[in-house]
Amino acid sequence: MIVLVDKVGRRHRVRLKAGDRHSIHSGFIAHDDLIGRPEGVVVTTQMGARLLAVRPTFAEQVTGRRRQTQPIYPKDLGAILVGADIHPGARVLEAGTGTGALTLAALRAVGQDGVVVSYEVREEFLEASRRGILETLGSIPSNLELKLGDVYLGVEERGFDRVLLDLAEPWQAVPAAKEALRPGGIVFAHCPNVSQVQRFFDCLREVKGFGMLEAYEVLQRGWTVRGRSMRPSHRMVAHTGFLCFARRLAEDELFEPEGEGFR
Ligand SMILES: C[S@@+](CC[C@H](N)C(=O)[O-])C[C@H]1O[C@@H](n2cnc3c(N)ncnc32)[C@H](O)[C@@H]1O
């Protein structure tokens, strides 16, 4: 799988196959002209348009696919991995799988010694995510378990280090997260609306056994860097979701520092 970048920055995903050719509005390129060439080569269509050929980055892989549900944006994926401290060897429980974007990000972060178990309630989404992961990694890794199931009804996993929630009513998954997490573990929820943040945090307080509740959003403003023109881009993704985190406590109590703390 490669990405061809045209002169206006459009990206075309292409699976190279001997004998095939890829057509764009400014001509076509024969796959044979690319196979065996170094990554980063610039090729020219028969109509003279120049195209850069590179392998897709992780962000391009997870966002460039056709999909049935909204994946987490790359800007948020990075912040979630650090915010939830997804470390090599971690045991991570996720719901719902969706497109598998966060699943893939978590898999990279936990490495071969870690485990990712991902619940998805809709069979067609689970199968689509399986195909996406297969396309990205070439196989389904042995440390990934894709499970068909409703996380609101509970999970069988215990002693997990992290729980990642990206579904409409994360508060309904709080009992499952509480059962699955080891003391000191971290629960994360991606909430597009602030009403979800409030309900999720209210529920954490209600069930007790959680502390250090915090939420933030990530604003990423691109800049145009072209010759002497250096300025913020005209457009940006203004809002994706609030990133909400809390720590699982050893006892059924609450711990919420009054101040904002220093980071
Ligand atoms: C916004 S998508 C998740 C996107 C995913 N994080 C990604 O990066 O592609 C929400 C997913 O949660 C699933 N879902 C909703 N309720 C669920 C539940 N109770 N248990 C498991 N999965 C659920 C939905 O079917 C949907 O696929």
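Helix α2, residues 74-83, packs against α3 at an angle of about 45°, and their axes lie 10 Å apart. That angle is why α2 counts as oblique to α3. The crossing of the two helices, α2 and α3, is right-handed. Please keep in mind as you look at this pair that the model is predicted.

Which residues bring the two helices together? On the α2 side they are Leu 77, Ile 80 and Leu 81, and these meet Ala 101, Leu 102, Ala 105 and Ala 109 of α3. Sorted by class, this contact has seven nonpolar residues, with no polar and no charged ones.

**From the helix pair to the ligand**

Helix α3 also takes part in the surroundings of the ligand: α3 (101-110) and β8 (115-120) each supply at least two residues of the shell. Altogether, 22 residues surround the ligand, and the closest are Gly 96, Gly 98, Thr 99, Ala 101 and Asp 166. Ala 101 is worth finding on your screen, as it is one of the α3 residues that meet α2 and is also among the closest to the ligand. The shell is mixed in class, unlike the contact between the helices, as this small table shows.

| Class | Shell around the ligand | Contact of α2 with α3 |
|---|---|---|
| Nonpolar | twelve residues | seven residues |
| Polar | six residues | no residues |
| Charged | four residues | no residues |

**Just after α2**

If you follow the chain out of α2, you come to Ala 84, in the loop between α2 and β7 (91-95). Is Ala 84 buried or exposed? It counts as buried, because it has 22 C-beta neighbours inside 10 Å, and the cut-off for buried is 20 or more.

Several of the residues around Ala 84 come from elsewhere in the sequence. Leaving aside residues up to four places away, Ala 84 touches Arg 162, Leu 164, Ile 186, Phe 188 and Phe 245. Cys 244 is 160 residues away from Ala 84 along the chain, yet the C-alpha atoms of the two are separated by 9.3 Å.

**The whole chain**

Now for the wider view. The chain has six helices and 16 strands, and its C-alpha atoms fill a box of roughly 70 × 45 × 30 Å along the principal axes. Of its 263 residues, 33% count as buried, and Ala 84 is one that does. Among contacts in the chain with a separation of 6 or more, 60% involve residues 24 or more positions apart. The contact between Ala 84 and Phe 245 is an example to look up in the structure.

Note on methods. Residues numbered from 1 in each chain as written. Predicted model: local features only at pLDDT ≥ 70, side-chain atom pairs only at ≥ 80, totals over all residues. Near = placed C-beta within 6 Å. Helix = DSSP H or I, 4+ residues; strand = E, 2+ residues; numbered from the N terminus. Nonpolar A, V, L, I, M, F, W, Y, C, P; charged D, E, K, R; others polar. Buried ≥ 20, exposed ≤ 12 C-beta atoms within 10 Å, placed from the backbone. Contact = placed C-beta atoms within 7 Å. Axes fitted to C-alpha atoms, helices over the stretch in contact; angles between N-to-C directions. Parallel < 35°, antiparallel > 145°, perpendicular 65-115°, else oblique. Left-handed = near helix turned anticlockwise from the far one by under 90°.
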